[in-house]
Amino acid sequence: MKRFVLLLRNEFVLFRTAIPVHMIGIFQPALMFSLMALVLVTPTFDMQVTTPQTALEYELVSLMEQVGSPIGSTYINPILVDSIQGQEFTGGQLIEFQGDDRNPTALQRFGLIDSNMVKNFRNRLTSAALLMWNISLGNRAVAIRELPWLPRDIPYSVYFGMAMMPLAANLAGALIGAFLTAQEFEFNTFMELRLSPMPVIVFAAARLLRLGLTGVLSGLVLMVVIGFTTGAWPTSIGWVMLILFAMGIIGGSIGTTAGLILQKTLPAFLVGLALSFFTWLLGSAFGLAAGFSGPYETTSRLMPNTYAVELLFPLYYRIGIGSNLTALLFLLLACMIMILVTMVFFRHEQLKT
Amino acid sequence: MKRFWILFKSEFFVWKQDPITALGGILPPALILIAFALLFGGRLSFKVAVVNQDEGLMGSILRESFDEVISPLNNLPYYLALDMSLEEAMNAYQGYEVEGVWVIPPGFTRSIEQGDSPNISMYFFNYNDDRAKNHRIYSAEIIWNFYKKIGFPSPPLEIAEEYPRSVMVDWVPVIAVGVALLSVSLGSIFNIYALTNKEQTSKMTLEFGLAPRSLAWVLVPKVVLALFFGLVSGTLFLVVIYAWLGFWPGNYIWGFWLLSGLTALFWIGLAIVFGLQAGNYMAGAIAIVLTAIIVFFIGGGLGLIRYHAEDVQWYSWLFPNTHAIDPLRDLVLFNAWPVDWDITVAKLIGFSILSLSIGIAYTARKIRHIR
C-alpha cells in the first residue's frame, strides 16, 4: 500500500512536467461550453415579412408575435421589410402577401436554405396562421391543452452543459493519459517500469486513479461554469463526482492504451481526442438518445456517455428517466472493461525486452 | 529552386514516417461526420402515443393526420404516432419511451359538430426548450391538416411556399461541408506538427538557429506540404460526400480549394509558432486542434450562418472558417456562385497573410535567439 501511495504521489508530481497540457485538459471543456452556450439554438427566430397593407395582414403579424411558449420564449420575431433585391433573401425567407380580398395568401419564399431551416420557418408561419383560423372558427376551433412535464421550459444550454460533463472528464483523462504514457516511450523512461519488480497492476492503478481524479476536476470546473451561467446546479455533488470519476477512468484508459500502442505523443493524442468527441456526440450530447432515430439510439447504448448522462439527468432535473441501476451497472462494466484492456497492454509492454 | 526541391523531398520522407498523424485531417472529421449522420440523418419524427377515446369519426381523422403531415426534414411525418390505451401511454411517457402523449377525449366529434369548444390534451417533455418548441409548432401542422380534412371553412389567410430548387438540401449535407472544411483545417494542422515533430524530438531547432541562410528554406516546404495534405484530406471528404450524399462542386472545385486552402494557411501560420518551439510543443498542438474543433461548432459548422449572422458571436468572426463556410456550401451544395465571393476571398487572403507572416517571423526570431 505504501508503494502504491508513493506511486500515486509521483503521478501527481508528474503534473509539473506537463502543466500546459493539464491546464488545457482541465479547463478547455468549460471554455468550449462557455463559447458554445452563446450560439446554441434559441427558440426565437427572426422572420422577415413584407410590410402589411390590409387589416388581415396586420393581424397575421400581430399573431406571429403571440406564437410561443406560455412558460418560455416567444418563437417569432417578425421583421418588417419593404421589398427584397432580386433573389437575395437576407433572412433566409420572406413572407409576401398575395392574392385578392377573396383569396388572400401568405407566400413564404425561401432562400438557399436547408430542410431543417425550411421546417422551422414553415412551422412558425403555420402556427401564426392557425391562430388566425382558430379565431375565425370561434367555438368550433380545437384547443390544445398543453401539459408539459416540467413547470417551465428549461433552456437548451442546461441539457447541453450537463451532457458535456462526461466529455470533460473523459477528454481530460484521455489527453493527459495519452500524453504522459507516450512521453514514457519518447524519453525512454518506460524502461524503468520494465526493470521494476513491481506488478504492472500497481503502476496502472496509480495512473488511472490519478487520471480519474483529474477527470473529476475537469467535470467539476464545467459544473461550476454551468451553474453560474444557467443557474442549474445538481442535487448531489457526491454523485456527480462518482459519475465523473468513472468517465475519467474510461478516458484515462483510452488515452493510456493509445499511448502504449502508438508510443508517440501526437498520434496518441489524436486517437484520444477523436474517441472522446465521438463518444460524446453519440452519447446523448444533443438530447436524450431515446428521442432520436433507432440507429442513433442503438449506437448510443454502446457509449458510456449515454449512461453517465442518464445518471446526471435526475440530479439536474429532479426527476428520473429509465432505470438508474441499469445505467450505473453499465457504466461500471464499461469502466472495468477499459481498465482490463489497459492492464493487458501495460503488461504486454512491460514484458517486452 | 533545387534547394527547395531537396528540402521538399526530405520533408515528404519525414511525412511518410508518421502515417497516423497524417490521418489527423481524416480520423476526427470522419468520426464527427458519422456521429452527426446518425444523429440528424435518421428518422427524426417525434415518437408520441395517441390515445383516441372518441367514439365518432373526428378522432380517427385526427389520428390519420399524424401519418399524413410530412416534415421537410427527411421527408417523413413529424410524428411517429403509436396507438395506445391511456394507461399504456402514460407508462411509456413516464419511462421516456415516447416523447409525448396526445389524448383525444370522449365526445370529441360531438364537441366539434356542436361547436362546444373541443379540446385535446398534449403531454410532452420540455427538458429542453428546443424540443418543447417543436412539440408546439408541429401540433399546428397537424391541426391545420385536420381542419382541411374535415372540411372546415377555409382559413382567412391561406399559406403557400416557394423553394428555389427542385430538391431541398437536407441538414446532414450542410453539416458535411462544415466537416470537410474542418478536415482541411485539421489536416493542415496535424501535418505541420508531424513535419516539425522530428525537429522537436531531435533538438534540431538549434541547427536551424545556426543556419546561415534564411529560415524560409526550412519553413516554406513544410507549409506547402501541410497545405497540400490538408487539401487532400478535404478533397477525400468531398468524394465521400459525393458518394454518400450526392453533392459535388463540379467546376467549382477550384473555388473549394481556394477558400479552404486560404483557411488552412491561417491555421498553419498559427500552428507553426508552437510547432518549432520546445516546451510548448504538445500543449500548442492540443490547444490549436481543440480550437479548430471549437471553431467548427461556433463558426457555422452545424448550420447556415448567413441568415443568422446576428446570432454569431464576435469571437467566431476572428477565425476564417466562419467567413468561408457559407460560400463553400454555395459551391458544393447549391452549385451556385457565392454572392459574397470577392469579399470572402479578400478576407481569407488577409487572414492567411497575417497569420503566416506573424507565425513565420515570430518563429524565425525565436529560433535565431539561441540561448
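Select strand 1 (residues 45-50) and strand 3 of chain A in this predicted model. The two strands pair in the parallel sense, over two bridges. To see the register, pick A:Val49, whose bridge partner in strand 3 of chain A is A:Ile95.

Now keep strand 3 of chain A, residues 93-98, and display what surrounds it. Is this strand enclosed or open? Five of its six residues are buried, so the strand is largely enclosed by the rest of the structure.

Next, add strand 4 of chain A. Strands 3 and 4 of chain A pair in the antiparallel sense over six bridges. For one point of reference, A:Gln98 stands opposite A:Thr105 in strand 4 of chain A. The two strands form a hairpin with six residues between them. Within that turn, select A:Gly99, which has a positive phi of about 80 degrees.

**Across to chain B**

Stay on strand 4 of chain A, residues 105-110, and bring in strand 5 of chain B, residues 158-162. Five bridges join these two strands, which run parallel. Strand 4 of chain A is thus shown with two partners: strand 3 of chain A, in the antiparallel sense, and strand 5 of chain B, in parallel. Label A:Leu107 and look across to strand 5 of chain B, where B:Ala160 stands opposite.

Then select A:Arg122 and B:Glu161. Their side chains meet in a salt bridge, with 2.6 Å from N to O. How many salt bridges are there between chain B and chain A? The count is four. Residue pairs in polar contact between the two chains number 43, with both residues at pLDDT 80 or more.

For the side of chain B that touches chain A, select helix 7 of chain B, residues 129-149. This helix gives the most to that side, with 17 residues. Coloured by class, the side of chain B that touches chain A has 70 nonpolar, 19 polar and 19 charged residues.

Zoom out to show the whole contact. Chain B puts in 108 residues and chain A 107 residues. The area buried between the chains is about 9900 Å², and carbon and sulfur atoms give 69% of that area. Which residues of chain B lose the most area to chain A? Select B:Tyr127, B:Leu157 and B:Tyr307; together they account for 8% of what the chain B side buries.

**Inside helix 7 of chain B, and a neighbour**

Return to helix 7 of chain B and select B:Arg131. Is this arginine buried or exposed? B:Arg131 is buried, because its relative accessible area is 7%, against a cut-off of under 20%. Show its contacts, leaving out residues up to four places away in sequence: in chain A, B:Arg131 touches A:Gly291 and A:Phe292; in chain B, it touches B:Phe46, B:Tyr96 and B:Glu99.

From that list, go to B:Tyr96. It is found in the loop between helix 5 (86-94) and strand 3 (100-104) of chain B. B:Tyr96 counts as buried, at 7% relative accessibility. Check its backbone too: phi is near 55 degrees, a positive value in a residue other than glycine.

A similar check can be made in chain A. Select A:Asn188, in the loop between helix 5 (156-186) and helix 6 (190-195) of chain A. A:Asn188 is not a glycine, yet it has a positive phi of about 60 degrees.

**Two helix residues in chain A**

Select A:His22 in helix 2 of chain A, residues 19-37. With 2% relative accessibility, A:His22 counts as buried. Residues up to four places away in sequence aside, A:His22 touches A:Phe15, A:Ile176 and A:Arg210. Its side chain makes a polar contact with the side chain of A:Arg210, at 2.8 Å.

The last stop is A:Ile135, in helix 4 of chain A, residues 115-137. Is A:Ile135 buried or exposed? A:Ile135 is exposed, because its relative accessible area is 53% and the cut-off is over 50%. Leaving aside neighbours within four places in sequence, A:Ile135 is in contact with A:Glu59 and A:Leu63. To finish, draw a distance from A:Ile135 to A:Leu8, 127 residues apart along the chain. Their C-alpha atoms are separated by 71 Å.

Terms used:
Residues are numbered from 1 along each chain as its sequence is written. Chains are lettered from A and ligands numbered from 1 in the order in which they are written. Side-chain values use heavy atoms; hydrogens and water are left out. Contact means heavy atoms within 4.5 Å. Buried area is the accessible area (1.4 Å probe) that two parts lose on being put together, summed over both. A polar contact is a pair of N or O atoms within 3.5 Å; within protein, one must be able to donate a hydrogen and the other to accept it, and residues adjacent in sequence count only if both atoms are side-chain atoms. Helices (H or I, at least four residues) and strands (E, at least two) are DSSP runs, numbered from the N terminus. Ala, Val, Leu, Ile, Met, Phe, Trp, Tyr, Cys and Pro count as nonpolar, Asp, Glu, Lys and Arg as charged, and the others, Gly among them, as polar. Two strands pair if DSSP finds at least two bridges between them. Buried means under 20% relative accessible area, exposed over 50%, partly exposed in between (1.4 Å probe, protein chains only).
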